[in-house]
Amino acid sequence: MRVLQFFKTAYPDSMGGVEQVIHQLACGGIARGLDMHVLSLTAKNMPRQQEVFGYHLHRARLDMHLASTGFSLSAFKRFAALARDADVVHYHFPWPFMDLVHFATRIRKPSVVTYHSDIVRQQNLLKLYRPLKNRFLGSTDRIIATSPNYLATSEVLAKHQGRVEVIPIGLDRASYPSPDAGRLQYWR
């Protein structure tokens, strides 16, 4: 089975919390025999495709940022080509550009979206985005909430409760960096 994850930040440009979740999902999928692909945007001159920890990392050129949202013209074509061969498409919310790509490419594959966060800071832009957001979330097969509390407190998730599954984020302890013994001694 081939799985395509689509997210806004390329490795190793950033390896924050959500990127770490995507990385660990990809590694976990590989360990279970899945053919894992990740498509993301990058502003840096990096290879368009490479294998990372056993999964396939694809990059599209980041053309601009607007209101914390990356945009890429080349991502439409890259996503369409990759999604055509995928069995499942996995999105990571929020990212309004992803919603546009989803509808513009008209891919009809089973889809899941991990709902990482309500939109909190961009309240004025949210008024414009809300119809697209609701249409996008309504078009996916499943929505993953990262905690039972999040499902219970998010007004957005409450509207889609019948299609929401709770899967807490868990990080592989083996991926944690080992502290330097000298540094530990210093802080003791």
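The following paragraphs describe the sheet of this predicted model, the helices that pack on it, and the setting of one alanine.

The sheet is open and is built from eight strands, arranged in the order E3-E4-E2-E1-E7-E8-E9-E10 with mixed pairing. Its edges are occupied by strand E3 (49–52) and strand E10 (164–166); each of these has a single partner strand, so one side of each remains without a neighbour in the sheet. On average, and with direction ignored, neighbouring strands of this sheet are turned by 25° against each other.

Within this arrangement, strand E7 (residues 88–93) and strand E8 (residues 111–115) run parallel and are joined by five bridges. His90 has Val112 of E8 as its bridge partner.

Two helices are placed against the sheet. Helix H2 (residues 74–85) packs on the sheet through contacts with E1, E2, E4 and E7, and its direction makes about 155° with that of E4. Helix H1 (residues 17–31) lies across strand E1 (2–6), strand E2 (35–42), strand E4 (55–61) and E7. The direction of H1 is at about 160° to that of E2.

Ala158 belongs to helix H6, which comprises residues 155–158. The relative accessibility of Ala158 is 42%, and this residue is therefore classed as partly exposed, since that class lies between the limits of 20% for buried and 50% for exposed residues. Ala158 and Glu51 are 107 residues apart along the chain, and their C-alpha atoms are separated by 38 Å.

Definitions and conventions: Residues are numbered from 1 along each chain as its sequence is written. This is a predicted model: local features need pLDDT of at least 70, side-chain atom pairs count only at pLDDT 80 or more; totals for chains, interfaces and linings use all residues. Side-chain values use heavy atoms; hydrogens and water are left out. Two strands pair if DSSP finds at least two bridges between them. Helices (H or I, at least four residues) and strands (E, at least two) are DSSP runs, numbered from the N terminus. Axes are lines fitted to C-alpha atoms, for helices over the stretch in contact, and angles run from 0 to 180 degrees between N-to-C directions. Contact means heavy atoms within 4.5 Å. Buried means under 20% relative accessible area, exposed over 50%, partly exposed in between (1.4 Å probe, protein chains only).
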